[in-house]
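Open the model in your viewer and keep the sequence panel beside it. We'll hop from one selection to the next, and at each stop I'll tell you what to look for.

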Amino acid sequence: MQKTFLFLLFLTSLYACQSQERESVVLNGLTMGTSYSVKIVPNGVSTDKNEIYSHIETILANINQSMSTYINDSELSRFNQSKSTDWQSLSSDLTLVIEHGNQVSLMTNGAFDITVGPLVNLWGFGPDPFNQEIPSESAIQTVIQHTAFNKLLFDKVSNRIAKSDPEVTIDLSGIAKGFAVDKIAQYLNEYGFKHYLIEIGGELIAKGTNTEEIPWQIGIEQAKLLSRSVQRIIGLDNIAMATSGDYRNYFEKDGIRYSHTINPSTGKPINHKLAAVTVLHSSAMHADALATAFMVSGPEKSLPLANQLGIGIYMIIKTDSGFEERYNDIFRPYLTN
Ligand code: ADP
Ligand code: MG
C-alpha cells in the first residue's frame, strides 16, 4: 500500500509581465509539513526583508511549538499526554484555536472535530507509524469511543480547558495553518503593509492589490482528468480562502481511495463525490476549519450549510463523466472568469 501525495487542484497567483509592475517582496519557507509563501507589495512602506523573514519564521516556530502534534514536547502534545481531567490553563493562542475548533464543531454538527486525532493516526495519516493495513471495525470502535468534541469542556470565565475523558486528545492539523496565516497577516498589518498575499499549504489570505494593482489572482485548476484548460481565477482582496480536497493526502488500496479527512461519526475516511471544496471568510482559521467540515459533510449538505452560515463555497464534484463545479451566490462575485 502506497501513500500518495498528489495535487490535482493547485493554487497559484498569476502575474502578467508588464513593465509598470509595482515591486514586490517574496518570502518562502517550510512549516507544518508543507510550504509557505508571503508576497508583499510595500508600496512605499520602508521594508526590511531580513527582519520580516525572521519575524515570520519566529511566529511559525512558536505556533508549532505550541500546537503541533508532531513535536513531542509541544504544549499541545503535553496536554494530550496528560490523563488528567482537571481544568488546565493553556497559552492564550492555543486556547483560542481549541475553542474556535469547538465552535466550528457546533456549527457543523460535529463534521469538524479536533478530537479525531487517534482515528487519523489509526488510518495512517498522523504522527504514528502506519502498519499498512486497513483498520478493523473493532479497532475503529475501540478508538472512536474516546473521540467526540463534546468530551472537551470549556471554562469561559477563567479560559481553562478540561477533558471529560482522560483518553481524549486534540489534533489541530485542520485549523492551525489557517490560524498561522491570520497571525502573519496581523504582523504585516502592524508593520504597515496594505498589500500582501500569505499562503500556507493552500490556506491563504489576500489584502489590497498585487503588483498589477488588481486584486490578488488565485487560480483553481479543475480536475485534470476533465480538462487542463478549465481554470477558475478568483480575485481576492481582504479575504481568506481555504481549500480541502481528497486528492491532497491519501492512500489507495484495492482501488479504493482513503483520504486523510475523517468522518468523525463513522471513524472512517470520507467516502462521497466531493473532490474538493474552497471556502471564503475574513478569518483564515475559520475558512480552514470549515473547508475540512464541508469536505466531511459532502456535496449535498455543504451548499445549504454554507448558505445558512453565510459562507462563500465552491465545490468540485465527481460525476460519472468527470467533474462538475458548484458554488453559491456568496462565492460568485469572486470568480473573474
Ligand atoms: P485539507 O487541506 O485537506 O483540509 P488540512 O491539513 O487542512 O487538509 O486538514 C486535514 C487534517 O485535519 C488531517 O490530516 C487530520 O489531522 C485533521 N482532520 C481529519 N479529519 C478531521 C475532521 N473531521 N475534523 C478536524 N480535523 C480533521
Ligand atoms: Mg483545512
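Start by selecting helix α5, residues 137–144: its buried residues are Ile140, Val143 and Ile144. Now look down the axis of α5: these buried residues fall within an arc of 95 degrees, so they line one face of the helix. (The arc is that of the directions from the helix axis to the C-beta atoms.) "Buried" means under 20% relative accessible area, "exposed" means over 50%, and "partly exposed" is in between, with a 1.4 Å probe and protein chains only. As for the names, helices (H or I, at least four residues) and strands (E, at least two) are DSSP runs, numbered from the N terminus. What covers the buried residues of α5? Show α4 (117–122) and β16 (268–269), which are included in that cover. Contact here means heavy atoms within 4.5 Å.

A quick word on the model: it is predicted, so local features need pLDDT of at least 70 and side-chain atom pairs count only at pLDDT 80 or more, while totals for chains, interfaces and linings use all residues. Residues are numbered from 1 along each chain as its sequence is written, chains are lettered from A and ligands numbered from 1 in the order in which they are written, and side-chain values use heavy atoms, with hydrogens and water left out.

**Next stop: strand β4**

Select residues 34–40. This is β4, and it is mostly covered, with 5 of its 7 residues buried. Add β3 (residues 25–31) to the view: 7 bridges join β3 to β4, and the two run antiparallel. (Two strands pair if DSSP finds at least two bridges between them.) To check the match-up, click Gly29, which stands opposite Tyr36 in β4. The hairpin of β3 and β4 has 2 residues between the strands, and there Met32 takes a positive phi near 50 degrees.

Which other strand pairs with β4? Show β8 (residues 196–200), which pairs with β4 in the antiparallel sense over 5 bridges. Here, Lys39 stands opposite Leu197 in β8. While you have strands on screen, remember that in a regular strand the side chains alternate between the two faces of the sheet.

**Over to an open sheet**

Now select β5, β7 and β6. These 3 strands form an open sheet in the order β5-β7-β6, with antiparallel pairing. The edge strands are β5 (88–89) and β6 (152–155), each of which pairs on one side only. Zoom in on β6 and β7 (residues 160–163): 4 bridges join these two antiparallel strands. Pick Asp155 and you'll find its bridge partner, Arg160, in β7.

Stay here for Asn159, found in the loop between β6 and β7. Asn159 has a positive phi of about 55 degrees although it is not a glycine. Is Asn159 buried, exposed or partly exposed? At 41% relative accessibility, it counts as partly exposed.

Jump to Glu213 for another positive phi, about 65 degrees, and again this residue is not a glycine. You'll find Glu213 in the loop between β9 (203–207) and β10 (216–221). Glu213 is exposed, with a relative accessible area of 53%.

**Two serines to click**

Find Ser68 in the loop between α1 (49–67) and α2 (75–81). Ser68 is buried, at a relative accessible area of 10%. Leaving aside residues up to four places away in sequence, Ser68 touches Ile63, Ser74, Leu76 and Ser77.

Then move to Ser302, in helix α7. At 0% relative accessibility, Ser302 counts as buried. With residues up to four places away in sequence again left out, Ser302 touches Phe294, Ser297, Ile313 and Met315.

**Last stop: a pocket**

Keep α7 (residues 284–309) on screen: it supplies the largest share of the lining of the second largest pocket, 4 residues. On a 1 Å grid over the protein atoms alone, a pocket is an open set of points where a 1.4 Å probe fits, with protein on both sides within 12 Å along at least five of seven lines, and lining residues have an atom within 4 Å of a point. To land in the right place, select Asn109, Gly110, Ala111, Asn263 and Ser265, which lie nearest the centre among the 16 lining residues.
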